[in-house]
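I set out to look up a few backbone and packing details in this structure and to note them here as I went.

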Amino acid sequence: MAVPLIFNTIEQTALSTWLRESTSVFGFYFILLFHTIGMSLVVGASAVVDLRILGVASALPLKPLKRLFAIMWVGLALNVATGIFLLTAYPTKALTNPDFYIKLSFIGLAVFTMRKMSIQVFEDTSLDEMAMIARGKTMAAWSLVFWIGAVSAGRLLSETSKYVLYGHLWGS
Amino acid sequence: MNYAHLHLLLNHFPIIGTIVGLALFLISFLGKNEDLRRGSYIIFAAIALLAIPTFLSGYGAQLMIKGPGISDALVQRHQSSALLSLWFMEATGALALIGLWQTPKSPHMPRWNVAAVLIFSLLTTGLMARTGNTGGDIRHPEDQTGQAATSTRDTVTEGTIGSIIHTFEPSPEKFSEAVTFSKWWWTFMMILHFLGLIMIVGTVGLLDIRIMGFLKQLPTAPLHRFLPWAMGGLGINIVTGLLAFIGLPENYIYSGVFWLKMLSLLLLGVNAALFYLTDIFAGVERLEAGEDAPMSAKLIAASSLFLWFAVITFGRYIQPLGDTLRPGN
């Protein structure tokens with residue numbers, strides 16, 4: 001299957017070129033830094049909620065942890081925004097890499113679980129904390145698995161890319 | 001200030017610090033003095049942290065003095081010794097932190113922990129003494145009795161004890177190869193490094209923002225139960241970080257941001273000491289839901305959060321800003 005020409009078109013734009021070639025500290029690595037920070041917010045907050053449901057720090061009241069979902073959504077929004085910029089810089093590298101789609105799948109599954117937990121566990125005010133934990137246990141475990149999968153797939157991106165730019169293989 | 005200077009300054013800490021820590025620890029057995037024991041544990045933990053930049057600066061010092069008149073064999077011998085004593089030092093520090101973590105709940109350190117710290121601190125102090133000795137041999141041929149004091153030898157003759165220890169000392173090249181043999185292993189280490197940072201930011205971050213006054217519905221005492229996860233994350237990151245450095249020292253040794261990251265970690269150690277070793281911790285240990293923390297605690301929590309994000313930021317910029325330093329500066 002040929003690499004879609006649209007990737008080349010994107011790479012030729014001023015924004016894409018600037019992101020790749022600028023020596024400013026506010027260039028590519030600045031975006032990547034905020035992608036890392038967003039990741040630590042969404043996965044960090046999610047991990048705390050998941051671990052609590054799975055029994056860590058059992059003296060901690062569960063209901064107030066609902067506020068952590070706001071941090072998760074902020075982190076996710078930050079990563080969608082920075083992610084779009086990163087994609088603009090290297091569309092061919094990401095979109096021809098199967099690992100990138102694995103990463104997106106894991107993120108999709110993790111966000112789906114996050115939303116499900118938010119609604120079914122934290123927004124159901126009829127549940128007491130024991131019932132919340134009972135309902136949320138499986139979701140919490142899967143949430144951890146999906147986020148670890150997303151982080152790992154993300155970290156593997158640089159090692160699994162075939163192209164760096166349209167028409168240019170990685171390493172050439 | 002250059003790498004040699006920094007290394008000679010820092011190396012005093014692990015060598016003398018372990019002796020002082022061990023002395024206090026052994027004295028604590030007489031009269032069963034728990035305060036003294038606790039003090040020695042704090043010293044072990046602090047020295048374990050300081051041993052890291054000491055070790056790292058050694059690579060820079062090596063680059064500076066390499067050349068005619070310096071025996072490569074003696075440098076290698078010192079480096080191998082340092083490699084072994086570093087891992088024992090980190091293990092001792094980790095065991096000490098675990099022991100310190102247990103103390104608020106009970107008046108005594110757990111017996112398994114005291115036994116483990118005894119064994120590891122004895123071994124570490126001995127290994128650090130050898131590291132200091134082998135380091136001194138590089139530049140001070142006058143202290144080698146009974147041998148020709150040439151500094152350009154290619155082989156080294158070990159004494160009896162030296163030969164025994166030497167069998168356990170890893171060769172830096174072999175260690176480096178073991179880390180860099182596969183890009184998949186390297187990437188796996190980096191995945192672990194990221195998971196470690198997430199464990200830290202999630203758990204310490206939550207405690208910090210609570211102390212700063214957000215999410216006041218949460219009492220603080222249970223939040224502390226998450227901290228072993230943060231320490232676990234820190235342990236993973238120290239191990240993967242040291243392995244990465246040993247694997248590809250040239251990636252880091254010329255990077256100013258890398259040293260800023262190390263400095264931030266040391267400042268975090270100071271921050272933790274200020275928090276846990278003063279009465280600030282006691283003031284926030286059992287805050288009820290809705291209770292506000294004192295300003296001193298809020299400042300420490302804010303600087304903790306700031307410094308962890310500084311660590312992430314500097315870490316992220318190592319790759320693009322890898323060549324900002326030159327050896328000998």
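I began with the surroundings of A:Ala57 in this predicted model, and I found 19 C-beta neighbours inside 10 Å, so I entered A:Ala57 as partly exposed, given that 20 or more would be needed for a buried residue. I then placed A:Ala57 along the chain, in the loop that joins α3 (28-53) to α4 (68-89) of chain A. I also looked up the backbone of A:Ala57, where phi is near 50 degrees, a positive value in a residue other than glycine. I noted this because most residues other than glycine have a negative phi.

I turned next to chain B, where B:Leu215 likewise is not a glycine and has a positive phi of about 50 degrees. I located B:Leu215 in the loop between α8 (183-212) and α9 (220-223) of chain B. Is B:Leu215 buried, exposed or partly exposed? I counted B:Leu215 as partly exposed, because 16 C-beta neighbours lie inside 10 Å.

My last entry returns to chain A and concerns the packing of helix α2 (residues 14-21) against α4(A), whose axes are 8 Å apart and meet at an angle of about 90 degrees. I therefore recorded α2(A) as roughly perpendicular to α4(A), since angles of 65 to 115 degrees are classed that way. On the α2(A) side I listed A:Leu15, A:Ser16, A:Leu19 and A:Arg20 as making the contact, and on the α4(A) side A:Phe85, A:Thr88 and A:Ala89. Sorting the contact of α2(A) with α4(A) by class, I wrote down four nonpolar, two polar and one charged residues.

Notes: Residues numbered from 1 in each chain as written. Chains lettered and ligands numbered in written order. Predicted model: local features only at pLDDT ≥ 70, side-chain atom pairs only at ≥ 80, totals over all residues. Helix = DSSP H or I, 4+ residues; strand = E, 2+ residues; numbered from the N terminus. Buried ≥ 20, exposed ≤ 12 C-beta atoms within 10 Å, placed from the backbone. Axes fitted to C-alpha atoms, helices over the stretch in contact; angles between N-to-C directions. Parallel < 35°, antiparallel > 145°, perpendicular 65-115°, else oblique. Contact = placed C-beta atoms within 7 Å. Nonpolar A, V, L, I, M, F, W, Y, C, P; charged D, E, K, R; others polar.
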